[in-house]
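Student: I would like a close look at one helix and what surrounds it. Please take me through that part, and then through a few local features elsewhere in the chain.

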Amino acid sequence: MSRRNELDAIIVGAGAAGGALALALARDGFDVAVVETREPKPWHVEDEIDLRVVALAPDARELLADLGVWPTIAARTGPYRHMRVWDALAPGELHFDAADRGEATLGWIVENKLIQHGLWQALQAFSDSAPTLPEPRTRSRGSRLADDVAGRVRLYCPAEIVELDNGADAVTATLADGTRLRAKLLVAAEGAESAVRKQLGIGFDGRDYGQRAVVAHVRTERPHEGTAWQRFQPGGPLAFLPLGDGRCSVVWSLPDAEASRILALDEAAFRAELGCAFDFRLGAITTTTPRTAFPLRLRLAERFLAGRCLLAGDAAHVVHPLAGQGMNIGLRDVTTLRRVLRDARARGSDLGAAHVLRRYERERRSESTLAARSFDLIERAFGSAFQPLAALRGAGLAVANAVAPLRQALADAAAGRQ
């Protein structure tokens, strides 16, 4: 095997978790290969805002800024300063305010597609096939980043792994075109249907919620107030998330049959039912985009480690969208693995040694399991129409809102502050 084919890490998947991990490791001086089955659809500033959005927490934003891709993403985000949560069946409301911590925002509503675009552009720019750029007269932070990672990313797309040798000393991946990649470790980050996870024989726990999330962008009679709104209803939560153009992104979790009915409504009927479900907090719904829906599932891999192979992002965990934390949890996988590998290199350890990778698995499986089970418990508790339980929920929200340390602890957990 030539030196050119000797890598520190192979990363399968160039979505949010995989793309961010590749850039992070390359910036830290590791040589990585990225294997991606298809190039993301291009993003253009004149495009309609993607229906799939995420609520990025401050720690996720800090990671993307550190990787140099936040300026691209920040061009079209919806920052929010407040979050309001209430129950349709009982009084009581929980209100988070960024000002309580002396900060400007609690988080940012961002298109999935835009995040993928920013990461993909950076991967292409810093791959070993990218052209050499002329030396700038003034060396900016961005140019220093380019120097750090230039040539350390090898991008294979379209490509897929057809054979995996998870050896004692290295992991070797053979691509469909015959290319063989050898590295100290491999990270499967290619999504919930991860082919690598299946090759490794790693199963998962979880359940199908029997729900779909109906999504659309709507304009309301009154402004969204820079607030992320969530109303718990029997059957599933309804979220109104503030977009940068003044509209709200709606994520309405509904039982499958009800979701089908809502999707079939004409626009006027949909606007009327949606406004009623939202308790007309922002007045009437005045316009809406076409709607679509996606199924909701809980998936938690039975283990995150097999030999020299790790799972990250949706390949490791898929959670209910009620708290908007799926991508944040995946990006925390990146931050943790980055730290673990930095520490291993500083100690002169083999990056793929079992004792090194177990540190990542212990930390991330524990935290993501707690998050997934907590969201699942909240979905079960708040999805019930049992009136005594509804009264208890309302009282709980009121208490959490009144007790500042508890309210702040909940806000810190959502923001990724430990």
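Tutor: What follows starts at helix H8, moves to the aromatic rings beyond it, and ends with the backbone and a sheet.

This is a predicted model. H8 spans residues 267–277. Its buried residues are Phe 270, Leu 274, Gly 275 and Ala 277. These residues cover an arc of only 160 degrees around the axis, which puts them on the same side of H8. An α-helix has 3.6 residues a turn, so residues three or four places apart point the same way.

What covers those buried residues? The cover includes four strands named here together, S12 (204–220), S13 (227–233), S14 (236–242) and S15 (248–255). Helix H7 (256–264) and strand S16 (285–288) also belong to the cover.

Now the two ends of H8. At the start, a side-chain oxygen of Asp 266 comes to within 3.3 Å of the backbone nitrogen of Ala 268. After the helix comes Asp 279, with a positive phi near 65 degrees. Asp 279 sits in the loop between H8 and S16. Its relative accessible area is 41%, so Asp 279 is partly exposed.

The same loop holds Phe 278, which lies between H8 and S16 and ties to Trp 229 of strand S13; the two parts are 49 residues apart in sequence. The ring centres of Trp 229 and Phe 278 are 6.1 Å apart and the planes stand at 85 degrees, so this pair is edge-to-face. Both Trp 229 and Phe 278 are buried. Phe 278 also pairs with Phe 240: the centres are 3.7 Å apart and the planes at 5 degrees, so these rings are stacked. Phe 240 belongs to strand S14, so this pair ties together parts 38 residues apart in sequence. Phe 240 is buried at 0% relative accessibility. Phe 278 is buried at 1%. Ring pairs link Trp 86, Trp 229, Phe 240 and Phe 278 into a cluster. The count of aromatic pairs comes to five.

Next, the backbone. Most residues other than glycine have a negative phi, and most peptide bonds are trans. Asp 279 has a positive phi although it is not a glycine. Glu 225 also has a positive phi, about 65 degrees, and is not a glycine. Glu 225 lies in the loop between S12 and S13. At 43% relative accessibility, Glu 225 is partly exposed. A cis peptide bond joins Cys 157 and Pro 158, with omega about 0 degrees. Pro 158 is in the loop between strand S8 (153–156) and strand S9 (161–166).

Last, a sheet. Its three strands run in the order S3-S7-S4, the sheet is open, and the pairing is antiparallel. S3 and strand S4 (78–80) are at the edges with a single partner strand each, so one side of each has no neighbour in the sheet. Neighbouring strands of this sheet are turned by 25 degrees against each other on average, direction ignored.

How is S3 placed, residue by residue? In a regular strand the side chains alternate between the two faces of the sheet. S3 (residues 53–56) is covered on both faces. Val 53 and Ala 55 are buried on one side, Val 54 and Leu 56 on the other. Four bridges join S3 to strand S7 (residues 107–111). Val 54 has Val 110 as its bridge partner in S7. Leu 56 stands opposite Trp 108 of S7.

Notes
Residues numbered from 1 in each chain as written. Predicted model: local features only at pLDDT ≥ 70, side-chain atom pairs only at ≥ 80, totals over all residues. Heavy atoms only, no water. Buried < 20%, exposed > 50% of the residue type's maximum accessible area, 1.4 Å probe, protein only. Arc of directions from axis to C-beta. Contact = heavy atoms within 4.5 Å. Polar contact = N/O pair within 3.5 Å; in protein donor to acceptor, adjacent residues only side chain to side chain. Pairing = 2+ DSSP bridges. Axes fitted to C-alpha atoms, helices over the stretch in contact; angles between N-to-C directions. Phe/Tyr/Trp six-rings, centres within 6.5 Å; stacked < 30°, edge-to-face > 60°.
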